[in-house]
Amino acid sequence: MRNFTLPVMLLVIVFTSSSFTKLPDDDNGHYKNNGYFFAILNGNMFEMRDDDKYRAELINKTGTMSNSSSGLSRVANSLIFYGNEFKDEKGKLFDENIDFEYTFDEGSLGEPKDLKIEIHYDMHDYYQIPELTKFVVKNITWSEDRREFIMSADFDCRMRRWGFPAESQPVVRLKGRMVNINVTAPAWIKIKDPRQVAGN
């Protein structure tokens, strides 16, 4: 009986641990469907679109969030998770998405530098309040060819809606998790040693 129970339990875990359908990534690897993304915005579940659920890749950026005039080049991790499309009362298309970007520090774990989070949701745009934002990279595992890695992270932050004056705009809470997200590292991105992990 024990020999039969273990395989059944493993199958249940496999089928319930992924929120993404087993759709293949697109031919160019720009849009992806593998992994797990869960986000709640002000008590409401962020619903992912059915296909091409996210984009995740390392990109070259100029400057940093704290000193954009420095002209220094940096590598950033760009993660965009796509929700549904809607039309406003004028028929203009509105794409819902949650956009994360931070300086990629050679695969370090923990809280990243230069974090930027933006949300386009329910016909409004939101940005994070830095002192009320927590984003923690929990795990990074590189592929053998060093052209991609799998990452996991948790986030919990307060977001303010764009508008003037800023202090009077509504504040919402974004909380969630990403697990086994596939991030592409294009050949033109310069990285020291992608197998380096913080603490090793």
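**Reading the labels on this predicted model**

Me: Why is Asn97 called buried?
Reply: The relative accessible area of Asn97 is 11%. Buried means under 20%, exposed means over 50%, and partly exposed is what lies in between (1.4 Å probe, protein chains only). With 11%, Asn97 falls under the 20% limit, so buried is the right word. This is a predicted model, where local features need pLDDT of at least 70, side-chain atom pairs count only at pLDDT 80 or more, and totals for chains, interfaces and linings use all residues. Residues are numbered from 1 along each chain as its sequence is written, and side-chain values use heavy atoms, leaving out hydrogens and water.

Me: Which residues does Asn97 touch, and what makes something a contact?
Reply: A contact is heavy atoms within 4.5 Å. Leaving aside residues up to four places away in sequence, Asn97 touches Phe46, Ile80, Phe81, Tyr82, Gly83, Glu118, Ile119 and His120.

Me: What about Glu118: why is it called partly exposed?
Reply: Glu118 has a relative accessible area of 21%. That is not under 20% and not over 50%, so Glu118 belongs in between. Besides Asn97, its contacts beyond four places in sequence are Ile98, Asp99, Tyr126 and Met159. Glu118 and Ile98 are 20 residues apart along the chain, and 6.0 Å separates their C-alpha atoms.

Me: Where do Asn97 and Glu118 sit, and what makes something a strand?
Reply: Asn97 is in strand β5, and Glu118 is in strand β6. Strands are DSSP runs of E with at least two residues, helices are runs of H or I with at least four, and the numbering starts at the N terminus. By that rule the protein chain has one helix and nine strands.

Me: How do you know that β4 and β5 pair?
Reply: Two strands pair if DSSP finds at least two bridges between them. Strand β5 (residues 93–103) is joined to β4 by 10 bridges, and the two run antiparallel. So the rule of at least two bridges is met. In this pairing Ala76 stands opposite Thr103 in β5. The two strands form a hairpin with five residues between them, and Gly91 in the turn has a positive phi of about 85°.

Me: What does β4 do with β3?
Reply: Strand β3 (residues 54–62) and strand β4 (residues 73–87) pair in the antiparallel sense, with nine bridges. For Asn60, the bridge partner in β4 is Val75.

Me: What makes a group of residues a nonpolar core, and how many residues does the largest one have?
Reply: A nonpolar core is a set of buried Ala, Val, Leu, Ile, Met, Phe, Trp, Tyr and Cys residues joined through side-chain atoms within 4.5 Å. The largest one has 38 residues, and those with the most contacts inside it are Phe37, Leu58, Leu79, Phe100, Met151, Leu174 and Met178. Elements giving it two or more residues include β1 (36–41), β3, β4 and β5. The largest share, six residues, comes from β8.

Me: How many aromatic pairs are there, and why is the one between Phe37 and Phe100 called edge-to-face?
Reply: There are 16 aromatic pairs in the structure. The rings of Phe37 and Phe100 are 6.4 Å apart centre to centre, with 70° between the planes. Rings of Phe, Tyr and Trp (its six-membered ring) pair if their centres lie within 6.5 Å; planes under 30 degrees apart are stacked, over 60 edge-to-face, and the rest tilted. So 6.4 Å makes a pair, and 70° makes it edge-to-face. Phe37 lies in strand β1 and Phe100 in strand β5, so the pair ties together parts 63 residues apart in sequence. Phe37 is buried at 5% relative accessible area, and Phe100 is buried at 0%.

Me: And why is the pair of Trp142 and Phe149 called tilted?
Reply: Their planes are 55° apart, which is neither under 30 nor over 60 degrees, so tilted is what remains. The centres of Trp142 and Phe149 are 4.7 Å apart.

Me: What makes the charge of Arg49 sit over the ring of Tyr82?
Reply: The rule asks for NZ of Lys or CZ of Arg within 6 Å of the ring centre and within 35 degrees of the ring normal. The charged end of Arg49 is 4.1 Å from the centre of the Tyr82 ring, so the distance part fits.

Me: How do you know which parts of the model to read with care?
Reply: By pLDDT, the predictor's confidence in each residue, from 0 to 100. It stays under 50 over residues 4–27 and again over residues 194–200. Where pLDDT is low, the predicted coordinates should not be read in detail.
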